[in-house]
Amino acid sequence: MPYFAILKSTFMNTVQTVILYVFLFVGLYFQTFILGTYLVNRRKIRARTRAHAAADERSYPSVTIAVPCYNEEATVGKTIESLLRLEYPAGKLRVSVIDDGSQDNTWQVIQKYQERYPGIVAAHRKENGGKYTALNYAIQHTTTDIIGCLDADSFVEPNALKRMIPYFGDWQTSLGTRPHMTAAVTPAMKIYRPRTFAQVVQRVEYLIGIFIRKVQSLIGAIYVTPGPFSLFRRDLFTHIGLFRHAHNTEDMEMAFRIQSKHLHIENAHDAVVYTTGPDTVKKLYKQRVRWTSGFLMNLRDYHWILLRPRYGNMAMFTAPLGLALILSAVISVALLLYRFGVMVWQWSVRLETIGFTFSPWHWNWFFVSTPAYLLLTVLIYALMIGIVIEAHALSGERSRFSPSIFLYFFTFPLMAPFWLIKSVYNAARSRTPSWQRERAVAPSTSRTAL
Amino acid sequence: MKRIPIKLYIAALIITIVIFAGAWLISTYINIQKTAAVKNEEDAIATQILALQARTDILTANLNASLCASTTSAGASATTTAASIAASLNDLQSKLSFLQGQLGPDNPDLFRLERYYSLMEIKDYNLEQTITHHCKIPNSTTRPFILYFYPTGTCAQCVGQGYILQAIKQQYPGAHIYSFNYNDDWVAVQSLIALPPIPATTTPPFLIVNGVVYPPFANLSNMEAAIKNLD
């Protein structure tokens with residue numbers, strides 16, 4: 001029996017160690033790859049930013065920004081006002097606000113803006129059908145060269161549009177006439193005035209997202225065109241079709257479809273858009289369950305692109321890595337729960353045998369734990385701090401170190417596995433999280449990196 | 001769609017492998033240093049035990065009164081050295097337990113160190129027994145002799161017994177506690193197991209407190225009662 005016990009114990013330890021090191025390797029490889037890609041392209045990014053700043057505004061295309069809203073009376077006015085402050089050639093910018101059957105005073109609010117800004121703001125009202133139907137409504141009633149969308153709880157910096165447009169390059173040439181043309185441009189997203197714990201940790205997460213999305217755009221691997229201020233060429237929708245329901249993640253499906261058609265999605269890292277993040281952990285959980293479930297279900301719908309080099313880095317890098325990270329988080333939580341269970345059992349035995357007694361503690365360097373996995377974890381966290389600092393600079397802010405980074409590091413990895421596990425369960429059962437139910441607690445429909 | 005940067009993928013892979021290897025080397029180096037430190041400590045304790053043993057042999061043969069009288073310089077020195085060895089063995093046991101957690105139970109270097117440690121425990125136990133019998137020191141609550149035999153592998157009762165022995169160590173600084181792996185087929189440990197009072201049918205875990213065999217104790221009070229009963 002003891003020999004069986006040894007074998008069992010050794011096997012469990014070996015399995016746990018192998019899993020731990022495989023996940024650490026994947027995580028470190030991901031960081032090395034994105035940092036390497038960024039460093040290799042840093043000069044190119046700066047040169048392109050300078051070139052875009054010097055672009056001739058007279059050649060800019062006409063743009064319509066669609067604002068789909070459902071019960072957004074509290075924030076839609078501010079969203080429209082931020083759009084009206086955009087620095088863009090006069091007469092070339094339209095704002096199309098679509099009330100998707102709101103039950104509050106949203107329609108009255110947007111009507112006032114239409115009356116005050118005729119020719120610029122257009123108010124539309126339709127029966128409730130979900131965000132993707134509101135976007136499609138706007139697309140079908142628009143003739144401008146570029147169509148953008150902005151969630152009604154998000155706000156743009158005045159120079160955001162001007163900084164994004166040059167990324168379209170030769171927008172006058174019809175889409176599909178040349179290979180690898182830019183079909184969409186995404187902005188740099190930040191959390192609007194973070195106040196609560198949930199918003200403060202999201203602020204750091206979004207900063208990391210700015211960096212990762214820029215690198216993803218460099219290798220053509222962006223997997224989402226987020227609701228807050230993604231821009232699309234008008235002819236994209238005649239080329240590949242309108243938005244779809246797509247498990248309530250129409251912006252993710254659109255990115256998958258664009259990539260699968262060998263078109264390109266750019267990222268304007270210095271075009272800043274602020275979005276209102278969920279203010280409680282519960283709301284954050286619901287939002288992330290929807291995003292991650294959507295990612296998994298869209299990935300299932302587009303499984304045929306996975307690991308096929310002809311579909312580029314999204315098929316070879318972003319999507320498989322996203323899956324690996326979700327899987328690693330789910331397994332990590334199982335291991336963590338196992339360890340936690342063992343710890344609780346040990347404490348209960350201790351309490352039962354010797355009661356509340358505390359051993360005197362003396363510092364001794366010998367007892368400092370230095371396993372390789374700990375050193376690698378410290379390195380991964382150090383690299384992430386570097387990424388956050390660089391992300392500040394990338395989005396036009398002064399590079400700085402914020403203590404909230406540690407709050408993010410120590411809390412987010414503990415929270416994320418819960419919504420990831422729920423999402424895997426949803427995806428396995430093909431359950432689409434209710435957009436309406438989420439909106440009952442969280443107005444935000446924007447998204448960032450998983 | 002942009003082309004796949006194969007060179008970058010490969011470069012990142014190589015860098016990741018190098019970082020992994022670097023972390024493994026640093027960790028291994030630190031653990032080798034710690035293992036070497038434990039080995040040095042074991043050697044130092046072994047020398048102390050040998051010195052005390054030699055002194056005891058000489059004094060037992062020639063100067064009985066000096067060995068047992070702690071007021072004489074030789075007796076005081078023997079008592080101090082014995083206490084110092086007990087403290088060093090306790091410290092060493094903590095370090096070996098820590099290293100086992102770091103390196104795993106199958107590490108061959110650690111296995112050798114643990115056997116060496118068991119040998120020193122046996123030598124110290126014999127020496128203490130010699131001094132106790134020769135000087136006719138009665139068993140007492142302040143100086144109990146505890147032998148603990150545990151089985152290989154996972155053992156639910158051993159966890160609780162471990163906590164109890166830690167608490168005994170704190171509450172009775174003069175206690176002599178020796179732990180042995182019952183399933184270790186090493187001749188030194190097996191010789192100890194073959195000696196009375198251990199019945200042949202006893203299965204681990206069990207304890208011998210001042211010469212009496214006990215099953216694992218349910219709590220600290222039970223073990224303290226066992227120590228006090230033999231006072």
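This report describes the overall build of chain A, its nonpolar cores, and a sheet in chain B.

The structure is a predicted model, and its confidence varies along chain A, where the pLDDT averages 87 and 93% of the residues score at least 70. Two stretches of chain A are exceptions that a reader should keep in mind: pLDDT stays under 50 over residues 1-7, for which the model has nine contacts beyond four places in sequence, and it is also below 50 over residues 440-450, a stretch with 46 contacts beyond near neighbours in sequence. Where pLDDT is low, the predicted coordinates should not be read in detail.

Chain A contains 13 helices and eight strands, and its general dimensions are collected in the table.

| Property of chain A | Value |
|---|---|
| Box filled by the C-alpha atoms, along the principal axes | roughly 80 × 50 × 45 Å |
| Radius of gyration | 24 Å |
| Buried residues | 46% of the 450 residues |
| Contacts joining residues at least 24 apart, among those at least 6 apart in sequence | 85% |

The radius of gyration of chain A, 24 Å, agrees with that of a compact globule, because a globule of 450 residues would have a value near 22 Å.

Turning to the interior, the largest nonpolar core has 119 residues, of which Val67(A), Val97(A), Met164(A) and Ala255(A) touch the most other members. Helix α6 of chain A, which spans residues 197-218, gives the most to this core, with 10 residues. If residues up to four places away in sequence are left aside, the contacts of Val97(A) include Val67(A), Cys69(A), Val76(A) and Ile80(A), together with Ile110(A), Val121(A), Ala123(A) and His124(A). A second, separate core of 24 residues includes Ile354(A) from chain A as well as Ile164(B), Ile177(B) and Val209(B) from chain B.

Chain B holds an open sheet of four strands in the order β2-β1-β3-β4, with mixed pairing. Strands β2 (176-181) and β4 (212-214) of chain B stand at the edges and have a single partner strand each, so one side of each is left without a neighbour in the sheet. On average, neighbouring strands of this sheet are turned by 20° against each other, direction ignored. Strands of a sheet pair through backbone hydrogen bonds, either parallel or antiparallel. Strand β3 of chain B, residues 206-209, runs antiparallel to β4(B), and three bridges join the two. Val209(B), which also belongs to the second core, has Val212(B) in β4(B) as its bridge partner.

Conventions:
Residues are numbered from 1 along each chain as its sequence is written. Chains are lettered from A and ligands numbered from 1 in the order in which they are written. This is a predicted model: local features need pLDDT of at least 70, side-chain atom pairs count only at pLDDT 80 or more; totals for chains, interfaces and linings use all residues. Two strands pair if DSSP finds at least two bridges between them. Axes are lines fitted to C-alpha atoms, for helices over the stretch in contact, and angles run from 0 to 180 degrees between N-to-C directions. A nonpolar core is a set of buried Ala, Val, Leu, Ile, Met, Phe, Trp, Tyr and Cys residues joined through C-beta atoms within 7 Å. A residue is buried if 20 or more other C-beta atoms lie within 10 Å of its own, exposed if 12 or fewer, and partly exposed in between; C-beta atoms are placed from the backbone. Two residues are in contact if their C-beta atoms, placed from the backbone, lie within 7 Å. The radius of gyration is taken over C-alpha atoms; the globule rule is 2.2 Å times the number of residues to the power 0.38. pLDDT is the predictor's confidence in each residue, from 0 to 100.
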